[in-house]
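Subject: Structure handover

Hello,

Here is the structure I said I would pass on. Please open it and keep it in view while you read the notes under it.

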Amino acid sequence: MYCRAVASTVTSEPPPFVRLAGDPLRWRLLRELVGGDRRVRELVEAVGQPQSLVSYHLGRLRAAGLVTGRRSSFDGRDTYYHLDLDRCAQALTDTGTALHPGLRLEPAAPPSPVARWRVLFLCTGNSGRSPMAEALLRHRTGDRVEVASAGSQPKPLHPNAVRVMSEYGITLSHDPTNVDTLRRRRFHVVVSLCDRVREVCPEFPSHPRLIHWSMPDPAAQDGGAVSAYRHTAAELDGRIRYLTASLTEAPAFEKTG
């Protein structure tokens with residue numbers, strides 16, 4: 001009698017996230033995309049499956065809103081795929097609630113990073129995306145993380161980047177920096193923020209973890225309108241929130257020969 005009563009209060013079908021992530025290949029794709037934005041051929045190589053199969057499962061994840069695609073600014077024939085971690089968090093909350101109301105997940109406070117991670121953000125111009133990312137990470141972590149930014153073709157800071165950062169309570173000031181001046185410095189994490197700079201990113205002596213976020217240049221969106229910079233700042237802030245949560249183990253540089 002009790003079992004029949006419980007069964008009548010729940011749906012017979014598993015929630016969508018369970019059905020999607022329960023497939024072993026889709027789970028592997030999700031895990032790969034946690035580490036940064038990827039092209040299909042990179043995912044094919046990572047999971048060792050045919051491109052047609054990888055593309056099919058990416059299509060399923062995109063249809064569910066968990067993964068988005070963005071044309072490469074370096075090669076328009078390529079598409080970078082990005083995992084929406086906020087959507088995943090909401091899907092996990094919905095899954096727990098579907099099983100039992102008492103399993104509703106509340107967002108956990110992000111853990112504090114362990115000092116002293118060294119993080120470098122790169123974009124082409126070092127005038128918008130990378131200095132904004134540098135400022136946002138420093139704003140979130142204080143002096144617990146050493147953070148810098150640079151560009152492959154640096155130019156002066158865009159005034160709309162300064163304006164939008166002031167809306168976050170941040171006074172943005174930055175001298176344009178060429179990545180070549182930092183190539184001998186040791187970083188734990190290097191985040192490329194545009195597809196062009198990813199192609200020319202130098203090797204660093206510490207062999208840092210390389211993360212790619214495929215983000216369009218706000219200066220090229222809507223004529224560099226402030227709305228484009230607001231959109232960029234919001235996306236950066238969301239991604240940085242999850243990056244910060246991953247900097248919780250004592251950092252170490254890889255040993256070189």
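The notes below go through a sheet, two ring pairs and one histidine.

Please keep in mind that this is a predicted model.

The sheet

Four strands make up an open sheet, in the order 5-4-6-7, and their pairing is parallel. Strand 5 (145-151) and strand 7 are at the edges, where each pairs on one side only. On average, neighbouring strands of this sheet are turned by 20° against each other, direction ignored.

Within the sheet, strand 4 and strand 6 run parallel and are joined by four bridges. To find a place where strand 6 meets a facing residue, look for V190, which stands opposite L120. Helix 7 (residues 129-141) lies across strand 4 and strand 5. Its direction is at about 175° to that of strand 5.

The aromatic pairs

How many aromatic pairs does the structure hold? There are two. One is formed by F121 and W213, with 6.2 Å from centre to centre and 45° between the planes, and it is tilted. F121 is in strand 4 (residues 117-123), while W213 is in the loop between strand 7 (209-212) and helix 10 (226-245), so this pair ties together parts that are 92 residues apart in sequence. Are these two residues buried or exposed? F121 is buried, at a relative accessible area of 0%, and W213 is buried too, at 6%.

The other pair is F187 and F204. Their ring centres are 5.8 Å apart and their planes stand at 90°; planes over 60 degrees apart count as edge-to-face, so this pair is edge-to-face. F187 sits in the loop between helix 8 (159-166) and strand 6 (189-192), and F204 in the loop between helix 9 (195-200) and strand 7. The pair therefore links distant parts of the chain, 17 residues apart. F187 is buried, with 2% relative accessibility, and F204 is buried, with a relative accessible area of 4%.

The histidine

H212 lies in strand 7, one of the edge strands of the sheet. At 1% relative accessibility, H212 is buried, because anything under 20% counts as buried.

Which residue does the side chain of H212 join through a polar contact of 2.8 Å? The partner is the side chain of D195. Leaving aside neighbours within four places in sequence, H212 is also in contact with other residues, including G36, D37, Y80 and R198. S192 and C194 are also among the contacts of H212.

Regards

How values were computed:
Residues are numbered from 1 along each chain as its sequence is written. This is a predicted model: local features need pLDDT of at least 70, side-chain atom pairs count only at pLDDT 80 or more; totals for chains, interfaces and linings use all residues. Side-chain values use heavy atoms; hydrogens and water are left out. Rings of Phe, Tyr and Trp (its six-membered ring) pair if their centres lie within 6.5 Å; planes under 30 degrees apart count as stacked, over 60 as edge-to-face and the rest as tilted. Helices (H or I, at least four residues) and strands (E, at least two) are DSSP runs, numbered from the N terminus. Buried means under 20% relative accessible area, exposed over 50%, partly exposed in between (1.4 Å probe, protein chains only). A polar contact is a pair of N or O atoms within 3.5 Å; within protein, one must be able to donate a hydrogen and the other to accept it, and residues adjacent in sequence count only if both atoms are side-chain atoms. Contact means heavy atoms within 4.5 Å. Two strands pair if DSSP finds at least two bridges between them. Axes are lines fitted to C-alpha atoms, for helices over the stretch in contact, and angles run from 0 to 180 degrees between N-to-C directions.
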